[in-house]
Every structure is written in C-alpha cells, then in structure tokens.
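Visitor: Please show me one part of this structure up close, and take it slowly, since I'm new to it.

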Amino acid sequence: MERNMKHQVTHWMGIFILLMMGNIMPLQANTTFTNPILSDGADPWVVHHSDGYYYYTQTTASNITLWRTTDLSDLDNAEQKVVWMPKPNSVNSEHVWAPELHYLDGRWYIYFAASAGDMTKQRMYVLQSENSDPFSDYHYPAATQSGKIADASDKWAIDGTIFEFAGKRYFIWSGWEGDTNEQQRLYIARMATPWQLIGERVELSRPEFVWEQVGTPQVNEAPQVLLNPKGQAFIVYSASGSWTDDYCLGLLLFNGGDPMVAANWSKHPTPVFSKNESADIYGPGHNGFFTDNLGQSWLIYHAAKFKGAGWAREIHMQPFGWHANGLPSFGLPIGSRVQQDKPS
C-alpha cells in the first residue's frame, strides 16, 4: 500500500509540474526606460546607422570613444571602443571636447575641439575613418596638420557641426570674435572638403536676449542642425553658461537663400527648451538629435545632476514632435524616474 501511495504522489506531482510548465509565459523584454540613461556624461551625440546600431559619443576629455548598441537606453552595457587616442603633448592632446560623428563622401568623420592644455587655445580638429565602418580606427586626414580645421581667422573654436544645403556643405561652430573670452558666438563657413574650410567666417548669432546672458562670459554654443518633416532647416543651440542652472536651448530659423548671409537666419525670441524646476531638471543643453526605426524624433542632451551642480552632468533623452507652424515642440524636460517608451 505504501508503494502504491508513493506511485500516486509521484504521478500527481508530474501532472502538476506539466500544468505549471504550460502556464509559464516567456519573459517580456523591458520596453521602457527612465532618465538619466548615463549617470555621468556631457555633450552627447548619436547617429542611428543603417546597420541597425546606434553610435553614441560624448566628451571624455582624453580620447574619442564610441559606444555601439541597439538599445540606447542601456548605454552602461553598450560595446565601447576607443577609436582615437592623442599623442602625449601634441596640439590636441588635452581638453578633448564634444566629438561629433558624421558620414561624408563614403567615410566617417569625427569633429572635436582640443588643445595642448591651454583652454584659451581650443581649436577644432577632424578625424577620418579607415573605411565605411563607424567602428573602424580613425586618423588625421592626410592633407591636414594634425587634423586641424579652421577658417582664415583661426580664432578659438569649439562644438563644430555640419550643415548641408542645396548641394553645398557648411561648418558651424562656437567661437570668439577676438583672442579673449568675452563672449561665445556662432559662426558659419563654407567647406571645400570634410577637412578644409574656405573663405571668411560669418557670424550667425551672439547672446542678445536676457535668457542667453546668464553667467560670464556670455555663451552661444553647441549648434545642431535640425530639419522638420517639410525640410525647413533650424539651428538649435545652447545659451547661457553651461555651468549654470539656466543653460537652455535656443533656435535659429533658416529662411532660405544663401546660408552665408546672416540676414537669412532669424532668432526665436524665447528658449525652446529650458529647466523644469517642478521635475528637478536644471541646465538642459548641448543636445543631439536622432530618429528611431518608427520615424520618431528624439532629443538627447545633458542636464545638471541637481540644482547648482555646475559641470556635474548626466545624459537624458526624450521624444519630441512639431508645432503646426513647423517649429520643433520639445516640451519640458521629463523628470528622472518617469517611465518612457524606449526608442524603437
């Protein structure tokens, strides 16, 4: 009888296990995220490449590092590669700031600011990929002197980016009018090649509104080109001191014609993205843009870790849309710990 009871118990336990196995659901992938996506970082830049990967970079100050991932909200676990390391004591060995990755004429180019250690001598430099793989190694273009890219004035310069319009290419950056740090302004120059500027620079913007003038020196920097669904071009830039809680995003509208004519650009009178005190988000700025697989536009930016944090910053992102008049609608910075759907 004891043997029979053991047999029945074993029989029913087997049925119970099978029933339980039949009810086990496959684990669901996490489809949401919360900011920050990186707890330390500044000057984020993202490219969503046709190979399905997001390529991310930011200021490291000592090298150029790329992150590669299909899940931009999980940068902590992304594959990383140092694609360029400066030689010690070279003209661009220190203060390596704000790299940007661009695909031009069949190669990838990385634009960054650096100096030999004296921040009052920051200049723009460019690296060229070995091939069409963004994760390949990078070197100075052969026709350059240590990768330097500058207009004829050769003044202090940071935050260079690319603008392509009507078959021509332009370089836009933040610089000084003279040789002293009185004010950072936005400039544009024509490009002959991805590593060479031609002609004189033209000033597009200087701090003129109160919301652009918080902190000394006054700052316009980090220009980023944005096209709306109809193809209208904007420059989204960062205004006021990056060390202040009032660092924010401003907007220049391109009204057509020659981009080298300053009058063809107009400035939006108010910031388009600024601090959200109710969500405890301060100093949002130095942004980038990308589009996910579903065509959703995204804003990625750095923000202060807390009120009064200065240059202690972290990386945030959020989706955005468009106003009926074609202007971008960024809304307010979304607070930390708020669940958002991941980029597709």
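Guide: Two strands pair if DSSP finds at least two bridges between them, and strands themselves are DSSP runs of E, at least two residues long, numbered from the N terminus. One thing to know up front: this is a predicted model, where local features need pLDDT of at least 70 and side-chain atom pairs count only at pLDDT 80 or more, while totals for chains, interfaces and linings use all residues. Residues are numbered from 1 along each chain as its sequence is written, and side-chain values use heavy atoms, with hydrogens and water left out.

Let's look at an open sheet of four strands. Their order is 10-11-12-13, and the pairing is antiparallel. Strand 10 (157-165) and strand 13 (196-205) form the edges; each has a single partner strand, so one side of each has no neighbour in the sheet. From one strand to the next, the twist averages 25° (axes are lines fitted to C-alpha atoms, and angles run from 0 to 180 degrees between N-to-C directions).

Start at the strand 10 edge. Seven bridges tie strand 10 to strand 11 in the antiparallel sense, and Thr161 sits opposite Ile172 of strand 11. The two strands make a hairpin with two residues between them, where Ala166 takes a positive phi near 50°. Strand 10 is also mostly covered, with seven of its nine residues buried (buried means under 20% relative accessible area, exposed over 50%, partly exposed in between, with a 1.4 Å probe and protein chains only).

Step across to the next pair. Strand 11 (residues 168-176) runs antiparallel to strand 12 (residues 184-193), and seven bridges join them. Here you can find Tyr170 opposite Arg190 of strand 12.

Now for the side chains. Arg201 belongs to strand 13 (196-205), and Arg201 lies over the face of Tyr187, 3.9 Å from the ring centre. A charge sits over a ring if NZ of Lys or CZ of Arg is within 6 Å of the ring centre and within 35 degrees of the ring normal. Elsewhere, the charged end of Arg68 is placed over the ring of Tyr53, at 5.1 Å from its centre.

The sheet also feeds the largest nonpolar core, which has 18 residues. Such a core is a set of buried Ala, Val, Leu, Ile, Met, Phe, Trp, Tyr and Cys residues joined through side-chain atoms within 4.5 Å. Among the residues with the most contacts inside it are Phe171, Trp173, Met191 and Leu197. Strand 10, strand 11 and strand 12 each supply at least two of its residues, and so do strand 7 (107-115) and strand 8. Apart from this core lies another one, of 17 residues, including Val96, Leu101, Trp108 and Ile110.

For contrast, here are two spots in loops. Asn35 is found in the loop between strand 1 (32-33) and strand 2 (45-48), and counts as buried at 2% relative accessibility. Lys275 is placed in the loop between strand 17 (265-267) and strand 18 (282-291), and is partly exposed, with a relative accessible area of 28%. Lys275 and Ala304 are 29 residues apart along the chain, with 9.7 Å separating their C-alpha atoms.
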